[in-house]
Amino acid sequence: MKHSEQNKMHVLKEKFMTVRDWIMEHNKIVMPLVLIVCVLITVVAAVNANQKEALQKEAQQAAMAVASEETTTSIQGLETPVFELEENAHPEINNLVKTYYDAQASGDMETISSLNTYLNDIEKIRVQELSKYIDSYPEINVYTKPGLTENTYVAYVCSEVQFSDVDVPLPGMQTYYIGMNGDGNYFINDGTYDESIQAYIKKITLQDDVVDLNNKIVVEYNELLAEDEELSEFIAYLKEKINEDVGEILAEVEQPAQEENPADTENADAETSADTAQNVVKTVRTTDVVNIRKSDSEEADKIDKAQIGQEFTLLEERGNGWSKIQYNGGEAFIKSDYLEVVDEEIIETTGTEQRPEESSEQAASSNENANESTSGTVKVIESVRVRKSAGTDGEVLGTVYAGTELDLIMKQADGWTKVKYKGQTAYVKSEYVE
């Protein structure tokens, strides 16, 4: 066995010697080949290393892309982090808000418009009319949470407003979305943002600390009104008065300025005479699904939604693009663009005729029956004054608050609702009850 192994070793040794002698004899050929092989091995190793690095880089980029997509999905899905509600944390924003509120108190529309470009004409009129009753905002605190992008904030402004001839300031809270312009100055923007920001604000506002803050202000507000009857009546009066003033100003704006001459006056008199002889009642039909609102503004409360083909009696077509219609025994408004006239009925009339045997009380009763009479109850949706007659100059019988139910006698076409109040007939503005 040992002898066999020794023979094998001897044979291998002889082969090795033969190969060595051949390499030595042909070294000019062999050495370049060896060098080439070494280079190839080095290149292959380098390529493999680069491929490995590239694969690692691709994997890293893919991971970052997934993370980015998850972040985007999180924002779109409103899976927002719970930011801490900061109080008066940004002096620049506090100065902005104070300037804005001081301008509201003084009716400085130039400053207001420069800081908040969203306000439409109706809101500008409302702010200007409200400023007539405000002395100052003695206390303003600004609570903020970060917005969706850098240098934007959701701001909750808690303030006390001091009304003229009222001893106690009234608390309130308003939400704004504040951003920064190209000059590095903050500005108030509470409406020109897109749906994603609106959804973001809603999500942030539902967080516990904001809900607690809002509840605190609401409780303070309600307790003050409950303790001070005069203050409560003033607030109800003020809301009613501001709405009326805004409506009157808009009506004046809608009246075209006309220069009359005798011929025009004669023609107008002739037309008026003709109108008293006949009245045209138009029936209109909706051409699309459209909101029915309490007043002629897109900011007004929605009452209902009209469907395509729904018909209404037209009461008035206004120059601001809105039409007043009969709705549920009262009146409401629809954008004129969504209405078409489908019928016109001429009713011969020379005013309210009264037969000799008909007393004035019977005539009044007959006129009341022309309005849609209903029964049941109505619920107050906002604090409102109850009056003895249907008009803002009617004697005030008292104030009713949101949630109060009143016995309904009739919803009138003139914008007032006749109710039973403390055992007597009374009236409230229809827009404050449902």
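**Close-up views of helix α6 and of salt bridges**

Glutamate 331 is partly exposed, with a relative accessible area of 27% (partly exposed lies between buried, under 20%, and exposed, over 50%, for a 1.4 Å probe and protein chains only). The model shown is predicted, so that local features need pLDDT of at least 70 and side-chain atom pairs count only at pLDDT 80 or more, while totals for chains, interfaces and linings use all residues. Residues are numbered from 1 along each chain as its sequence is written, and side-chain values use heavy atoms, with hydrogens and water left out.

**View A. Glutamate 331 and lysine 324 form a salt bridge.** The closest N and O atoms of this pair are 3.9 Å apart, where a salt bridge is a side-chain nitrogen of Lys or Arg within 4 Å of a carboxyl oxygen of Asp or Glu. Whereas glutamate 331 is partly exposed, lysine 324 is buried, at a relative accessible area of 13%. By this rule the count comes to 12 salt bridges.

**View B. Lysine 98 and aspartate 102 form a salt bridge in helix α3.** Their closest N and O atoms lie 2.9 Å apart, and the two residues, four apart in α3 (residues 91-106), are separated by about one helical turn. Helices (H or I, at least four residues) and strands (E, at least two) are DSSP runs, numbered from the N terminus. Lysine 98 is partly exposed at 46% relative accessibility, and aspartate 102 is also partly exposed, at 34%.

**View C. Lysine 216 and glutamate 220 meet through their side chains in helix α7.** The N to O distance of this salt bridge is 3.1 Å, and the two residues are four apart, about one turn of the helix. Lysine 216 counts as partly exposed at 47% relative accessibility, as does glutamate 220 at 31%.

**View D. The buried residues of helix α6 (residues 195-205) are Ile197, Tyr200, Ile201 and Ile204.** Seen down the axis of α6, these residues fall within an arc of 100 degrees, so they line one face of the helix; the arc is that of the directions from the helix axis to the C-beta atoms. They pack against β2 (134-146), β3 (153-163), β4 (170-180) and α7 (208-227), with contact meaning heavy atoms within 4.5 Å. The face of α6 turned away from its buried side carries the exposed residues Glu195 and Lys202.

**View E. Glu244, Lys429 and Glu431 are linked in a network of salt bridges.**
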